[in-house]
Amino acid sequence: MSKVLAALAVSVDGYITGRDPGAGRGLGDGGMLFNWYFDGDTPSQVFDGFKLSAPSARVFDALAGRVGAIVAGRNTYEDSEHFGGGSPHPRARLVVLSHRPVPEITDRQTLVTTGIQDAIAAAREAAGGKDVGLMGGGVVTEALKAGLVDEVILHQVPILLGGGRPFFQALPEHVRLRLVEAVPAPGVTHLHYEVER
Ligand SMILES: NC(=O)c1ccc[n+]([C@@H]2O[C@H](COP(=O)([O-])OP(=O)(O)OC[C@H]3O[C@@H](n4cnc5c(N)ncnc54)[C@H](OP(=O)(O)O)[C@@H]3O)[C@@H](O)[C@H]2O)c1
């Protein structure tokens with residue numbers, strides 16, 4: 001069975017955006033969460049234009065290479081200007097999870113309105129045996145609640161943003177994690193956890 005992983009750039013105080021994210025405003029005042037994608041000299045083998053430090057490139061490309069489909073929450077989809085009608089990942093189809101119709105959806109994207117289980121099932125189908133990536137704190141939390149997350153990766157950037165959208169929202173019970181790898185790199189520390197079952 002393919003794995004489900006949530007790998008997001010996050011501040012030390014747990015935010016995946018700064019204040020006031022949105023279409024045309026990116027991550028709001030938290031844009032520096034993505035600086036490590038571009039502040040090195042090792043080109044990504046998966047994402048054109050990304051130049052990372054050598055340790056970040058190893059971690060990033062290993063994860064990106066596993067992903068065959070992405071489930072993104074409606075907020076991520078809207079704030080990212082619908083990913084231009086395509087996907088945030090050059091090799092992975094986008095599944096958008098929402099409770100409501102999405103008039104802008106294209107035939108290169110899939111809309112699911114019936115919940116996280118169905119969204120992850122649709123992504124698994126599209127991924128052709130590869131893994132499924134999650135995007136958006138709401139979606140990650142829904143998937144954790146449903147017991148569907150296998151791995152959580154924090155690309156932790158050394159800043160306290162003080163506000164924004166959280167990586168994790170309230171959960172009804174504890175979720176135990178096991179540290180697989182911790183990789184310090186320039187401008188970011190990669191913390192890779194497995195969800196214990
Ligand atoms: N730092 C990073 O690496 C990173 C990565 C990804 C995204 N982001 C940013 O994170 C922000 C979005 O995160 P977020 O936590 O606010 O939102 P999100 O997870 O992207 O989207 C949440 C929305 O998804 C829909 N949804 C969630 N669970 C659902 C369910 N079970 N059934 C149906 N619909 C469901 C709902 O939309 P409706 O009810 O409105 O339909 C909900 O309001 C964006 O600004 C994005 O750019 C950052």
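User: How many residues surround the ligand, and which are the closest?

Analyst: Happy to help! This is a predicted model, where local features need pLDDT of at least 70 and side-chain atom pairs count only at pLDDT 80 or more, while totals for chains, interfaces and linings use all residues. Residues are numbered from 1 along each chain as its sequence is written, and side-chain values use heavy atoms, with hydrogens and water left out. Counting residues with a heavy atom within 4 Å of the ligand, there are 26, and the closest are Thr76, Asp79, Ser98, His99 and Arg100.

User: Which residue has a side-chain N or O atom 2.6 Å from an oxygen atom of the ligand?

Analyst: A polar contact here is a pair of N or O atoms within 3.5 Å. A backbone polar atom of Arg74 is 3.1 Å from a ligand oxygen, and a polar side-chain atom of Glu142 is 3.2 Å from a ligand nitrogen. The side chain at 2.6 Å from a ligand oxygen belongs to Thr76.

User: What share of the ligand's exposed area does the protein bury?

Analyst: Accessible areas come from the Shrake-Rupley method with a 1.4 Å probe. Taken alone, the ligand exposes 940 Å², and the part buried by the protein is 88%.

User: Where does the ligand sit?

Analyst: A pocket is an open set of points on a 1 Å grid over the protein atoms alone, where a 1.4 Å probe fits, with protein on both sides within 12 Å along at least five of seven lines. A molecule sits in one if more than half of its atoms lie within 2 Å of its grid points. By that test, the ligand sits in the largest pocket.

Conventions. A polar contact is a pair of N or O atoms within 3.5 Å; within protein, one must be able to donate a hydrogen and the other to accept it, and residues adjacent in sequence count only if both atoms are side-chain atoms. On a 1 Å grid over the protein atoms alone, a cavity is a set of points where a 1.4 Å probe fits but cannot get out, and a pocket is an open set with protein on both sides within 12 Å along at least five of seven lines; lining residues have an atom within 4 Å of a point.
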